[in-house]
Amino acid sequence: MFKKHLLSLKRYQTSENRDVLNGIILDRNERADHFSKKEFKNILKKIPRYSINATPDISPLYKQLSSYHKLHGNNFYVTQGITECMSQIIYSFAKKNDEIVVMKPTYPMYDVLCKLHNVKLRHWKFKKDFTLELNDLKKLINRRTKIIFLVNPNLPIEYEFSESYKKAILDLCKKKNILLVYDEAYYYFGSSSEIKNLKKYKNLIIMRTFSKAFGLSGIRLGYMIANTKICDYVSKCRTLVETNSLTYQIALWALKNQIYKKHVINVKKGSKFLIKKLRSAKEDFHGGKCTNAILIKLPNYKDTIKLTNYLSRKKIYIRNNFPKPIENYVRVSLASTAKISKFLKEYFKWKKKYIKSKKIP
Ligand SMILES: Cc1ncc(COP(=O)(O)O)c(C=O)c1O
C-alpha cells in the first residue's frame with residue numbers, strides 16, 4: 001500500500017516553538033521586523049468581504065506580475081512559494097532514472113523534494129573557501145541529467161554567480177538539453193537576475209518569492225517566469241486554484257506598493273552595523289552582502305549548539321547544524337539595527353562568559 005521511498009523519507013515540522021511575537025526570529029531568513037499594527041490593519045482593509053466565501057479569481061495577480069516585470073501574463077505561473085514551484089518542476093520534468101543537480105549546501109528542501117519525487121540527486125559541492133568549480137559541475141552531468149537548480153545568490157553560504165559562470169552554464173545546458181532553473185529568492189538584496197536571458201534560452205526558468213525581500217513568508221506565495229510552453233506545462237500540476245484569496249490580495253498590495261524597497265534598506269542598515277561590530281571584534285564571518293543572512297564561525301560544532309540554545313532561551317532564534325564546510329558556523333538572518341544590536345549584546349555576552357573562560361555549559 002505504501003511507497004517505499006516515501007516511508008523512508010523523514011520530514012520535520014518547520015518553525016515550531018518560537019515566540020514569534022516577543023522574540024527575534026533570525027533563524028529562517030524571514031522578515032524579523034513585524035509589520036506595525038497600523039500597516040497590518042491597512043492590509044486587511046484591502047481584502048473584500050466576499051474573499052472568504054468565493055473561490056478566488058487570481059487573474060489580477062497575473063496582470064500585476066505582467067506589468068511589474070514587463071512580460072506577458074503567459075510567462076508566469078504562480079505557486080505556493082518557491083518551494084511548491086520546485087516540487088512541481090521536479091514532478092513534471094523528471095522521470096524515473098533522471099538526475100538532478102543541486103548546489104550543496106543550499107536550501108535544504110531541494111534534497112527533500114528530490115527524495116519525495118524519487119529522483120536521483122547529485123550535489124555540486126562548495127569548496128572549503130566557499131567557491132564552486134565549474135569543472136566539478138561538468139563532471140556531475142551525464143545523459144540522465146534533466147534539471148540543474150542554481151540558487152543565486154545562494155544561502156547558507158552566500159555566493160553569487162559571476163556573469164562568465166552563468167553564461168557558460170546556460171550554454172552547457174542548451175547544448176545538453178538540460179532544464180536550467182534559477183532560484184532568485186534573495187534577488188532584491190543585491191544580485192543580478194537571469195530574467196534577461198529568457199527570450200534567448202528556451203530551457204530556462206526563474207523562480208521568485210514573496211517570502212524574503214517582500215517580507216511575506218506567512219502568505220506562502222511565489223512564482224516562476226519562463227516561456228509560455230513551460231509555464232503552461234508546469235501549471236498542469238496546480239490544484240484547483242494557485243493560491244487562496246487572502247494571499248493573492250496581500251501579494252497584489254505588496255507589488256503595487258513595492259514594499260520590498262523599505263525592507264531592503266532596513267536590512268542593509270542592520271547588515272552594515274553587524275559587519276562593523278564583527279570586524280572590530282575580529283570575528284570570522286561570511287556574507288551579508290547580497291542576501292539577508294550572515295555566517296559566524298565558532299571554534300567547533302558543539303559551540304554552535306551551545307550558542308543556539310543559549311540565545312533560544314533569550315528568545316533570539318538563529319540556525320546551526322549545517323553540513324561541511326560550514327559545520328562550525330551559525331547563521332544569523334539580517335534585520336533592523338535595533339534587532340541586530342539585541343542579538344549582538346547576547347552574542348558577545350555568551351562569548352565572553354563561555355568561550356574565553358572555556359567554561360562552556
Ligand atoms: C534559496 C531559497 N529558495 C526558496 C526558499 C523558500 O521560498 P518560499 O518561502 O517561497 O517557498 C528559501 C527559504 O529559505 C531559500 O533559502
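Two strands count as paired when DSSP finds at least two bridges between them. Keep that idea in hand as we walk through this predicted model.

**Stop 1: the three-stranded sheet**

Select residues 293–297, which form strand E10, and add strand E12 at 329–333. E10 and E12 are joined by 5 bridges and run antiparallel. For one rung of that ladder, click Ile-296: its bridge partner in E12 is Val-330.

Now bring in strand E9 (285–287). You have an open sheet of 3 strands in the order E9-E10-E12, with antiparallel pairing. E9 and E12 are its edge strands, each pairing on one side only. On average, neighbouring strands here are turned by 25° against each other, direction ignored.

**Stop 2: the seven-stranded sheet**

Next comes an open sheet of 7 strands, ordered E2-E8-E7-E6-E5-E3-E4, in which the pairing is mixed. Which strands stand at the edges? They are E2 (76–79) and E4 (120–125); each has a single partner strand, so one side of each is left without a neighbour in the sheet. From one strand to the next, the twist averages 25°.

Inside this sheet, select E5 (residues 145–151) and E6 (residues 179–183): they run parallel and are joined by 5 bridges. Look for Val-151, which stands opposite Asp-183 in E6.

**Stop 3: helix H3 and its neighbours**

Select residues 59–69 to light up helix H3. H3 lies across E2 and strand E8 (222–225), and runs at about 125° to E2.

Add helix H9, residues 245–256. H3 and H9 pack at an angle of about 20°, with their axes 10 Å apart. Angles under 35 degrees count as roughly parallel, and H3 and H9 are therefore roughly parallel to each other. H3 passes H9 in a left-handed crossing. To see the contact, show Pro-60, Leu-61, Gln-64 and Tyr-68 of H3, then Tyr-248, Ala-251, Leu-252, Leu-255 and Lys-256 of H9. Of these contact residues, 7 are nonpolar, 1 is polar and 1 is charged.

**Stop 4: around the ligand**

Finish at the ligand. How many residues surround it? There are 13, and the closest are Gly-81, Thr-83, Ala-185, Thr-209 and Ser-211. Select residues 81–93 to see helix H4, which gives the most to this shell, with 3 residues. Colour the shell by class and you will find 5 nonpolar, 7 polar and 1 charged residues.

Terms used. Residues are numbered from 1 along each chain as its sequence is written. This is a predicted model: local features need pLDDT of at least 70, side-chain atom pairs count only at pLDDT 80 or more; totals for chains, interfaces and linings use all residues. Axes are lines fitted to C-alpha atoms, for helices over the stretch in contact, and angles run from 0 to 180 degrees between N-to-C directions. Helices (H or I, at least four residues) and strands (E, at least two) are DSSP runs, numbered from the N terminus. Angles under 35 degrees count as roughly parallel, over 145 as roughly antiparallel, 65 to 115 as roughly perpendicular and the rest as oblique. A crossing is left-handed if the near helix is turned anticlockwise from the far one by less than a right angle, and right-handed if clockwise. Two residues are in contact if their C-beta atoms, placed from the backbone, lie within 7 Å. Ala, Val, Leu, Ile, Met, Phe, Trp, Tyr, Cys and Pro count as nonpolar, Asp, Glu, Lys and Arg as charged, and the others, Gly among them, as polar. A residue is near a molecule or strand if its C-beta atom, placed from the backbone, lies within 6 Å of it.
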